[in-house]
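This briefing sets out selected structural features by topic. Please consult the sequence and the structure shown below alongside the text.

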Amino acid sequence: MLLENKVAFITGAGRGIGREIALKMASEGANIVIADIAEDTMQAAKKDIEALGVKAFAVRTDISDEQSVKGAVQAVTETFGKIDILVNNAAIFKRAPFLEMTGDMWDFTSNINLKGIFHVTHAVASLMAENKQGVIISISSVDAFQGCRDYSHYATTKAGVVGLSRTLAQELGPYNIRVNVIAPGIMLTDMTRDRVEANKEAYLAKVPIGRIGVPEDIANAALFLASDLSSYITGQVIHVNGGMYFC
Ligand SMILES: NC(=O)c1ccc[n+]([C@@H]2O[C@H](COP(=O)([O-])OP(=O)(O)OC[C@H]3O[C@@H](n4cnc5c(N)ncnc54)[C@H](O)[C@@H]3O)[C@@H](O)[C@H]2O)c1
């Protein structure tokens, strides 16, 4: 087992990629914290994780709300006493062509996708620094590197995640905390289902591997980055996109 007795705090683990990362880490022995804003999906995920023989703790968290995040991290500390792995996965993806973008639309996405990562990482990294160990994985996107028409706020937050992570790899390395990024390409989840179905042939033409990604592709990379198999890797971006970035 690669993650026996580790505690993994995963935002947005109620569904999609976050849920798959949670199941993958649980199957390798990690106890899982599901930190999601949506209570209904959290309970189903908790049941499926517990069926793998580990502990699961579901805590409703709005990552854009500093107090909500602090409360969640406090509750986890009381339950497990530590957090070994943080996966910053939760994000939103709302269409807004730039000329129609308002400041409120920009802030709404930014407060979840980027400032939310600041809130969670700040609270969890403090705990990790005290314990002198930790792994932080943040989910960016291919859109950080190639842009995303009609989603400038989203692409900007996803690029911000890379800058933050490269900086934190330097600041937190001395505390034995590794910080890395996964940049998925186009994956089939509830977030993208309509878009993928409407543009499937166009997407496939851009993916040398010849298929749309699935959440397990990301979960496999997250498992590698969370485990000691990657103990000398920090400040890096792993592109999991079937080669899409190069087309
Ligand atoms: N699906 C793709 O094609 C794709 C591609 C590139 C990157 N990504 C990234 O992968 C990650 C997961 O995407 P997904 O496709 O699984 O999305 P999803 O919409 O299926 O899941 C996102 C989860 O985050 C939760 N969430 C949303 N706002 C929250 C908040 N304020 N606080 C706490 N939780 C919140 C949702 O409730 C949901 O459970 C995201 O960071 C996304 O940007 C996805």
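Two strands are taken to pair if DSSP finds at least two bridges between them. In this predicted model, strand β5 (residues 134-139) and strand β6 pair in the parallel sense over six bridges, and within that pairing Ile136 stands opposite Val179 in β6. The points below treat the strands, the aromatic pairs, the ligand surroundings and two residues with positive phi.

**Strand β6 and its partners**

- Strand β6 spans residues 177-184, and eight of its eight residues are buried, so the strand is largely enclosed by the rest of the structure.
- The side chains of β6 alternate in direction: Ile177, Val179, Val181 and Ala183 point one way, while Arg178, Asn180, Ile182 and Pro184 point the other way.
- Residues on both of these sides of β6 are buried, Arg178 and Asn180 among them.
- Besides its pairing with β5, β6 is joined by four bridges to strand β7 (residues 237-240), and these two strands run parallel.
- Opposite Pro184 of β6 stands Val240 in β7.

**Strand β1 and its partners**

- Strand β1 covers residues 7-11 and is mostly covered, with five of its five residues buried.
- From β1, Val7, Phe9 and Thr11 point one way and Ala8 and Ile10 the other, and all of them are buried.
- Five bridges link β1 to strand β2 (residues 31-36) in the parallel sense.
- Between β1 and β2 the chain passes through helix α1 (residues 16-27), and this β-α-β crossover is right-handed.
- β1 also pairs in the parallel sense with strand β4 (residues 85-88), over three bridges.
- Ala8 has a partner in each of these neighbours: Ile32 stands opposite Ala8 in β2, and Ile85 is the bridge partner of Ala8 in β4.

**Aromatic pairs**

- The model contains three aromatic pairs, counted where ring centres lie within 6.5 Å.
- One of them joins Phe57 and Phe80, which are edge-to-face at 6.3 Å centre to centre and 85° between the planes.
- Phe57 belongs to strand β3 (residues 56-60) and Phe80 to helix α3 (residues 66-80), so this pair ties together parts that are 23 residues apart in sequence.
- Phe57 has a relative accessibility of 21% and therefore counts as partly exposed, whereas Phe80, with a relative accessible area of 18%, is buried.
- The rings of Phe93 and Tyr154 have centres 4.7 Å apart and planes at 75°, and this pair is therefore edge-to-face.
- This second contact links distant parts of the chain, since Phe93 lies in the loop between β4 and α4 (103-113) and Tyr154 in helix α7 (residues 152-172), 61 residues apart.
- Both Phe93 and Tyr154 are buried.
- Phe93 and Tyr154 form one aromatic cluster together with Tyr151.

**Ligand surroundings**

- There are 27 residues around the ligand, of which Arg15, Asp36, Asn89, Tyr154 and Thr189 come nearest.
- Tyr154 thus appears both in this nearest group and in the aromatic cluster.
- A side-chain N or O atom of Thr189 lies 2.5 Å from an oxygen atom of the ligand.
- Backbone N or O atoms also approach ligand oxygen atoms: the distance is 2.8 Å for Ile17 and 2.9 Å for Met187.
- The ligand taken alone exposes 840 Å², and the protein buries 94% of that area.

**Residues with positive phi**

- Lys132 is a residue other than glycine with a positive phi, near 55°.
- Lys132 is found in the loop between α5 (115-131) and β5, and at 48% relative accessibility Lys132 counts as partly exposed.
- Asp150, likewise not a glycine, has a positive phi of about 75°.
- The position of Asp150 is in the loop between α6 (143-146) and α7, and with a relative accessible area of 24% Asp150 is partly exposed.

Methods: Residues numbered from 1 in each chain as written. Predicted model: local features only at pLDDT ≥ 70, side-chain atom pairs only at ≥ 80, totals over all residues. Heavy atoms only, no water. Buried < 20%, exposed > 50% of the residue type's maximum accessible area, 1.4 Å probe, protein only. Right-handed = clockwise from strand over helix to strand, strands pointing away. Phe/Tyr/Trp six-rings, centres within 6.5 Å; stacked < 30°, edge-to-face > 60°. Near = heavy atom within 4 Å. Polar contact = N/O pair within 3.5 Å; in protein donor to acceptor, adjacent residues only side chain to side chain. Areas by Shrake-Rupley, 256 points an atom, 1.4 Å probe, with all protein chains shown as cover.
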